Amino acid sequence: VVEDLATVDQMAAAISQMHLRGAGLIGAAGGYGMYLAASEAASSKDFESTLHAKTDQLMQTRPTAVNLSNAIHRQQAAIAKETSPEKKVHTAFETARLIAEEDARFCRQIGEHGLKIIQELAEKKRGRPINILTHCNAGWLAFVDYGTALSPVYTAHTHGIKVHVWVDETRPRNQGAMLTAWELGEHGVPHTVIADNAAGHLMQRGEVDLVLVGSDRTTAKGDVANKIGTYTKALAARDNNLPFYAALPSSSIDWTMHDGLKEIPIEKRNPDEVHFVQGWAEGEIKKVRLTPEKSPAQNDAFDVTPSRLVTGLITERGICEASEGGLFKLYPEKKETARR
Ligand code: MRU
């Protein structure tokens, strides 16, 4: 569905109700949301107080992906530099465009860096397909373009390396079964959808070579928040001696946070997403109840994988160890922010 979003209310609803989703796309939408906020503030009686209220409204939409607050803070700084409402609106539009363009560029670079990991595995497997397991959707539907975890997969595919992707269905919203599978299919990448609980079993049988996931917020020490279920995939990968990489642009790094388990806000969504499942039936999207009416449900949308379980981080500047030292080698200018 292509939806026109012309007001802050519409943008906030689209983000919180997940008409659009995925860390990078949420950030880009937050950037354009701030342009709409500035436009609405410019036609109000009091620019500053209207902008403040609308910024809060956007900030409240989803808590875990730091791309949203990073984009909003960047917009606040850019808007504050201008003096007239007209200039503020113009700057907000330009900044939104920059955020979106940067997201696409960073994701393309992640693909180029991540390619090396797949190439090395391909050399060892001598022509046999590389089996990559991914969780949730961190492809071009979740970003402005290319994606993060899927970007190296697409780059490898373009380079003629044989890849096959195990797609976790990703309950309860089924981003894997619905979005990742669709994206890979559109791209012509061989893939198989598996039940969320199948990954460990496949790893034990030698049917997985690499785990590649995205991230909604990564701390300065390399802890990775990603879609619920990622942590157990990392545990299984460690038990089976398999590489587990998280791919993320720097817009997903929270330099102010260190201990992911204690500090990263984990979104709790409506339990109805667990109670009900939706899918295609007779050409329409239908929703059916899965659980007994009297059983309560809980819906934590993300979990945190501690850095010790992460083989490495694939960023737009290269691949690094999931640690403060690793990240600072790539982003030395962030030392100040992180230590404050
Ligand atoms: O809740 P969503 O669909 O916005 O989930 C975010 C994700 O897509 C992931 O957790 C993803 O793996 C990393 S960011 C695209």
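**Notes on pockets, cavities and one helix pair**

1. Let's start with the largest pocket: 37 residues line it, and those nearest its centre are Met18, His19, Leu20, Arg21 and Leu179. Its volume comes to about 1,400 Å³. Keep in mind while reading on that this is a predicted model.

2. Which elements give two or more residues to that lining? They are helices H1 (8-16), H2 (23-42), H7 (175-187) and H11 (272-275), plus strands S9 (276-281) and S10 (284-289). S9 gives the most, with 5 residues. By class, the lining of the largest pocket has 24 nonpolar, 6 polar and 7 charged residues.

3. Next, the second largest pocket, at about 550 Å³. It has 25 lining residues, with Asn70, Ser250, Ser251, Ile253 and Lys334 nearest the centre. Two or more residues each come from H2, H4 (66-81), H5 and strand S8 (253-254), and H4 provides the largest share, 7 residues. The class split for this second largest pocket is 8 nonpolar, 10 polar and 7 charged.

4. On to the enclosed space. The count is 2 cavities of 30 Å³ or more. The largest cavity holds about 170 Å³ and is lined by 21 residues, with Arg21, Gly22, Ala23, Asn137 and Asp216 nearest its centre. H2 and strand S6 (224-227) are the elements giving two or more residues to this lining. Its residues divide into 9 nonpolar, 8 polar and 4 charged. Arg21 is worth a look in the viewer: it is among the residues nearest the centre of the largest pocket and also among those nearest the centre of the largest cavity.

5. The second largest cavity holds about 40 Å³. Its lining consists of Arg171, Pro172, Arg173, Gln175, Lys227, Arg269, Glu273, Asn299 and Ala301. That makes 5 charged residues, along with 2 nonpolar and 2 polar.

6. Finally, a helix pair. At what angle do H5 and H6 pack? H5 (residues 85-125) and H6 (residues 150-158) pack at about 70 degrees, and their axes are 7 Å apart. Since angles of 65 to 115 degrees count as roughly perpendicular, H5 is roughly perpendicular to H6. The crossing is right-handed.

7. Who touches whom there? On the H5 side the residues are Cys107, Arg108, Ile110, Gly111, Glu112, Gly114, Leu115 and Ile118, and they meet Ser151, Pro152, Val153, Thr155 and Ala156 of H6. The contact of H5 with H6 has 7 nonpolar, 4 polar and 2 charged residues.

Conventions:
Residues are numbered from 1 along each chain as its sequence is written. This is a predicted model: local features need pLDDT of at least 70, side-chain atom pairs count only at pLDDT 80 or more; totals for chains, interfaces and linings use all residues. Side-chain values use heavy atoms; hydrogens and water are left out. Axes are lines fitted to C-alpha atoms, for helices over the stretch in contact, and angles run from 0 to 180 degrees between N-to-C directions. Helices (H or I, at least four residues) and strands (E, at least two) are DSSP runs, numbered from the N terminus. Angles under 35 degrees count as roughly parallel, over 145 as roughly antiparallel, 65 to 115 as roughly perpendicular and the rest as oblique. A crossing is left-handed if the near helix is turned anticlockwise from the far one by less than a right angle, and right-handed if clockwise. Contact means heavy atoms within 4.5 Å. Ala, Val, Leu, Ile, Met, Phe, Trp, Tyr, Cys and Pro count as nonpolar, Asp, Glu, Lys and Arg as charged, and the others, Gly among them, as polar. On a 1 Å grid over the protein atoms alone, a cavity is a set of points where a 1.4 Å probe fits but cannot get out, and a pocket is an open set with protein on both sides within 12 Å along at least five of seven lines; lining residues have an atom within 4 Å of a point. Grid points are joined across faces, edges and corners, and a volume is the space filled by probe spheres set on the points.
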